[in-house]
Amino acid sequence: PTSAQVSVVPHSGRFCYTLDNDVLSTEQRQFYEDNGYLLIKNLVSDEDIERFRKEFTRICKREVKPPGVMIMKDESLRSQFGQSEKVVNKVQDFQEDEELFRYCTLPEVLKYVECFTGPNIMAMHTMLINKLPDSDTQTFLHPMHQDLHYFPFRPASRIVCAWTAMERAHQDNGCLIVQPGTHKTALKPHGYPELEGKTNKLFHGLLDEDEKIPKVHLVMEKGDTVFFHPLLIHGSGINRTSGFRKSISCHFASSECHYIDVKNTTQEHLEKELQDMVSKKYNATNVDLKDIWNFRARLVQGERINL
């Protein structure tokens, strides 16, 4: 199921992962309940996607420098391509870039987000991914993982990712891969995979992946958007084409979610890694995970309560 149909039947008590409203049909809610994701076709317009693409190019060329933005590059390509999109793998934390942040405020996106978070919506984590063609020096795949590993806030069921394809995504250029139903499992231990040293900073993966769980490749057209649960196990393959596979995404959460202490949990080592990165970038000391997420978080709808 993809397109929204109006449903007026009350479902109280039947669904754990979606909220009662008239946006999702019963079939769509059941699909998300069973699988942990829902694909909506043709949700974001070509016009908006082209605007995001232009802004991404401007950031790559350093024509604009949004505060707080993290630009991830393949340094081995810089001598060949200089300051251009051909070396940038990801633009992260673009919440202060008004043009890219428009994605997080699109009414057509928020209409669906509210089905998972409720009316008070925070944009917590923003990314524009530019999956580079694979090279001998670096493999741009993201191993199978659960996004909740990165998040020190709960409950998980009031968090959702919106991920929009900026061009056709398929197996050859490294589309998303999901393991349906894994959103019903617990948060598992993550770390850097053993890929002969080919690891991207903060691209953690499951330490113990169950290969028996079926995988689904999400083939998506430009403008298609998938909404998925933060415990859903997913990843993306390498880009075997000569082009670039772009996508834009935001993790949204209800502002009524609350922060947790990750000390003595499987997330503790991530906190230390992030603290080290922030300390180096901003020369800051005594920064905890909550501070980092408070900086990233931005209200998009309703009232800011806890986050």
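Two strands count as paired if DSSP finds at least two bridges between them. Keep that in mind, as we will use it shortly. The model on screen is predicted.

Let's start with the overall picture. The protein has 307 residues, and 56% of them count as buried. It has seven helices and 16 strands. Now look at contacts between residues with a separation of 6 or more. Residues 24 or more positions apart make up 81% of those. On the outside, the protein exposes about 13,500 Å². Carbon and sulfur atoms supply 50% of that area.

Now to strand β12. Which strands does β12 run antiparallel to? One is β1, joined to β12 by four bridges. In that pairing, Leu38 stands opposite Phe227 of β12. Another is β7, also joined to β12 by four bridges and also antiparallel. There, Cys161 stands opposite Phe228 of β12.

What about the faces of this strand? In a regular strand, side chains alternate between the two faces of the sheet. In β12, Thr225 and Phe227 lie on one side. Val226 and Phe228 lie on the other. All four are buried, so both faces of β12 are covered.

Phe227 takes us to the core. The largest nonpolar core has 41 residues. Which of them touch the most other members? They are Tyr103, Cys104, Val109, Phe227 and Phe252. Several elements give two or more residues to this core, among them β1, α2, α4, β7 and β14. The largest share comes from α5, with six residues.

Let's stay with α5 for a moment. Its buried residues are Val109, Leu110, Tyr112, Val113, Cys115, Phe116 and Thr117. Just after the helix comes Gly118, with a positive phi of about 90°.

Next, Cys104. Setting aside neighbours within four places in sequence, what does Cys104 contact? The list is Phe94, Leu110, Ala123, Thr126, Cys250, Phe252 and Val300. There is also a second, separate core of 22 residues. It includes Tyr150, Cys257, Leu289 and Leu307.

You have heard several cysteines named. How many disulfides are there? The count is zero. Two more cysteines are worth pointing out. Cys60 has 3% relative accessibility, so it counts as buried, the limit being under 20%. Cys175 is buried too, with a relative accessible area of 1%.

Now a lysine. Where is Lys222? It lies in the loop between β11 and β12. Is it buried or exposed? Neither: its relative accessibility is 28%, so Lys222 counts as partly exposed, a class that runs between 20% and 50%. Leaving out residues up to four places away in sequence, Lys222 touches Asp46, Ile49, Glu50, Ala165, Met166, Glu167 and Arg168. With Glu50 there is a polar contact, side chain to side chain, at 3.1 Å. Lys222 also shows how the chain folds back. Lys222 and Leu43 are 179 residues apart in sequence, yet their C-alpha atoms are 9.1 Å apart in space.

Last stop: a sheet. It is open, has four strands and pairs antiparallel. The order is β5-β13-β8-β11. Why is one side of β5 and one side of β11 left without a neighbour in the sheet? Both stand at the edges, and each has a single partner strand, so one side stays free of a neighbour. For β5 and β13, two bridges join the antiparallel strands. His142 stands opposite Ser236 of β13.

That is my tour. Questions, please.

Terms used. Residues are numbered from 1 along each chain as its sequence is written. This is a predicted model: local features need pLDDT of at least 70, side-chain atom pairs count only at pLDDT 80 or more; totals for chains, interfaces and linings use all residues. Side-chain values use heavy atoms; hydrogens and water are left out. Buried means under 20% relative accessible area, exposed over 50%, partly exposed in between (1.4 Å probe, protein chains only). Contact means heavy atoms within 4.5 Å. Accessible areas come from the Shrake-Rupley method with a 1.4 Å probe; for residues, only the protein chains shown count as cover. A nonpolar core is a set of buried Ala, Val, Leu, Ile, Met, Phe, Trp, Tyr and Cys residues joined through side-chain atoms within 4.5 Å. A disulfide is a pair of cysteine sulfur atoms within 2.5 Å. A polar contact is a pair of N or O atoms within 3.5 Å; within protein, one must be able to donate a hydrogen and the other to accept it, and residues adjacent in sequence count only if both atoms are side-chain atoms.
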